[in-house]
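Work through the exercises below with the sequence and the coordinates at hand. Each task is followed by a solution in steps.

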Amino acid sequence: MTAPVQVGPSTNGGPTPDRPQLTDKQLRVLRLIAAGKSRNAIATSLGTTPGNVANLSRRVFAKLGAVNAPHAVFLACQTSLLEVEHPRRTIKPRRHGDHAGFVAHKRRGEEPCVECRAGEKAYKAERWAARKATHLNVA
Ligand SMILES: [Zn+2]
């Protein structure tokens, strides 16, 4: 059998403590694991045996300080060993001319457009009127 898997931070000093150095083959294994491939599929991709893939995976887990495959993928993402591709966020059509539109402009650091400024003015006036009405009712 292989040497026992060392879990936790290594003491023999890698390139950087938080980003372990993997060989090209180990990185390929990690990418295939992250892609959800089975051990047999990874073996086929790499032209090796499932047993060898298991050994490679154990080396990868040990280097990352991971206890299993999901943990390894998580740690690899955290240390940017694996880059996560974010699907383009769907951009909602923007609505202009009300308070939400005004806030959206501000949040983007933009100068609110005319419609939104008018909408915000109306919103404030409405709130002011509502507050005034409440005070009048209380008094
Ligand atoms: Zn606007």
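## Exercise 1: Two loop residues

With 11 C-beta neighbours inside 10 Å, A35 counts as exposed. The model is a predicted one.

**Task.** State where A35 lies and how far A35 is from V73 in sequence and in space.

**Solution.**
- Step 1. A35 sits in the loop between helix 1 and helix 2.
- Step 2. A35 is exposed because its count of 11 C-beta neighbours inside 10 Å falls under the rule of 12 or fewer.
- Step 3. Along the chain, A35 and V73 are 38 residues apart; from C-alpha to C-alpha they are 9.6 Å apart in space.

**Task.** Locate S80, classify S80 as buried or exposed, and give its phi.

**Solution.**
- Step 1. The loop between helix 4 and helix 5 (99–107) contains S80, just after helix 4.
- Step 2. There are 10 other C-beta atoms within 10 Å of S80, so S80 is exposed.
- Step 3. S80 has a phi near 60°, which is positive although the residue is not glycine.
- Step 4. Most residues other than glycine have a negative phi.
- Step 5. A positive phi, of about 85°, also appears at G36, just after helix 1.

## Exercise 2: Overall composition

**Task.** Describe the secondary structure, the share of buried residues and the share of contacts between residues 24 or more positions apart.

**Solution.**
- Step 1. The protein has six helices and zero strands, giving the pattern α-α-α-α-α-α along the sequence.
- Step 2. Of the 139 residues, 17% are buried.
- Step 3. Among contacts with a separation of 6 or more, 40% join residues 24 or more positions apart.

## Exercise 3: The largest nonpolar core

**Task.** Which residues have the most contacts inside the largest nonpolar core, and which helix supplies the largest share of this core?

**Solution.**
- Step 1. The largest nonpolar core has 17 residues, and V29, L30, I33, V60, L64, A72 and A76 have the most contacts inside it.
- Step 2. At least two residues of this core come from each of helix 1 (24–34), helix 2 (39–46), helix 3 (50–64) and helix 4 (69–78).
- Step 3. Helix 3 gives the largest share, five residues.
- Step 4. Leaving out residues up to four places away in sequence, L64 touches P20, A72, L75 and A76.

## Exercise 4: Buried faces of helix 1 and helix 4

**Task.** Which residues of helix 4 are buried, and how are they arranged around the helix axis?

**Solution.**
- Step 1. A72, V73, L75 and A76 are the buried residues listed for helix 4.
- Step 2. Viewed down the axis, the buried residues of helix 4 fall within an arc of 165°, so they line one face of the helix.
- Step 3. Exposed residues P70 and Q78 are on the face turned away from the buried side of helix 4.
- Step 4. The cover over the buried residues of helix 4 includes helix 1 and helix 3.

**Task.** Repeat the analysis for the buried residues of helix 1.

**Solution.**
- Step 1. In helix 1 the buried residues are V29, L30, L32 and I33.
- Step 2. Their arc around the axis is only 165°, which puts them on the same side of helix 1.
- Step 3. An α-helix has 3.6 residues a turn, so residues three or four places apart point the same way.
- Step 4. Helix 2, helix 3 and helix 4 are included in what covers the buried residues of helix 1.

## Exercise 5: Helix packing

**Task.** Classify the packing of helix 1 with helix 3 from the angle between their axes, and list the residues in the contact.

**Solution.**
- Step 1. Helix 1 and helix 3 pack at about 95°, and their axes are 9 Å apart.
- Step 2. Helix 1 and helix 3 are therefore roughly perpendicular, as angles of 65 to 115 degrees are classed that way.
- Step 3. Helix 1 contributes K25, Q26, V29, L30 and I33 to the contact, and helix 3 contributes V53, L56, S57, R59 and V60.
- Step 4. By class, this contact of helix 1 with helix 3 has six nonpolar, two polar and two charged residues.

**Task.** Do the same for helix 2 and helix 3.

**Solution.**
- Step 1. The packing angle of helix 2 and helix 3 is about 100°, with their axes 8 Å apart.
- Step 2. Helix 2 and helix 3 are therefore roughly perpendicular to each other.
- Step 3. R39, N40, I42, A43 and L46 of helix 2 meet P50, N52, V53 and A54 of helix 3.
- Step 4. The contact of helix 2 with helix 3 divides into six nonpolar residues, two polar and one charged.

Conventions:
Residues are numbered from 1 along each chain as its sequence is written. This is a predicted model: local features need pLDDT of at least 70, side-chain atom pairs count only at pLDDT 80 or more; totals for chains, interfaces and linings use all residues. A nonpolar core is a set of buried Ala, Val, Leu, Ile, Met, Phe, Trp, Tyr and Cys residues joined through C-beta atoms within 7 Å. A residue is buried if 20 or more other C-beta atoms lie within 10 Å of its own, exposed if 12 or fewer, and partly exposed in between; C-beta atoms are placed from the backbone. Helices (H or I, at least four residues) and strands (E, at least two) are DSSP runs, numbered from the N terminus. Two residues are in contact if their C-beta atoms, placed from the backbone, lie within 7 Å. The arc is that of the directions from the helix axis to the C-beta atoms. Axes are lines fitted to C-alpha atoms, for helices over the stretch in contact, and angles run from 0 to 180 degrees between N-to-C directions. Angles under 35 degrees count as roughly parallel, over 145 as roughly antiparallel, 65 to 115 as roughly perpendicular and the rest as oblique. Ala, Val, Leu, Ile, Met, Phe, Trp, Tyr, Cys and Pro count as nonpolar, Asp, Glu, Lys and Arg as charged, and the others, Gly among them, as polar.
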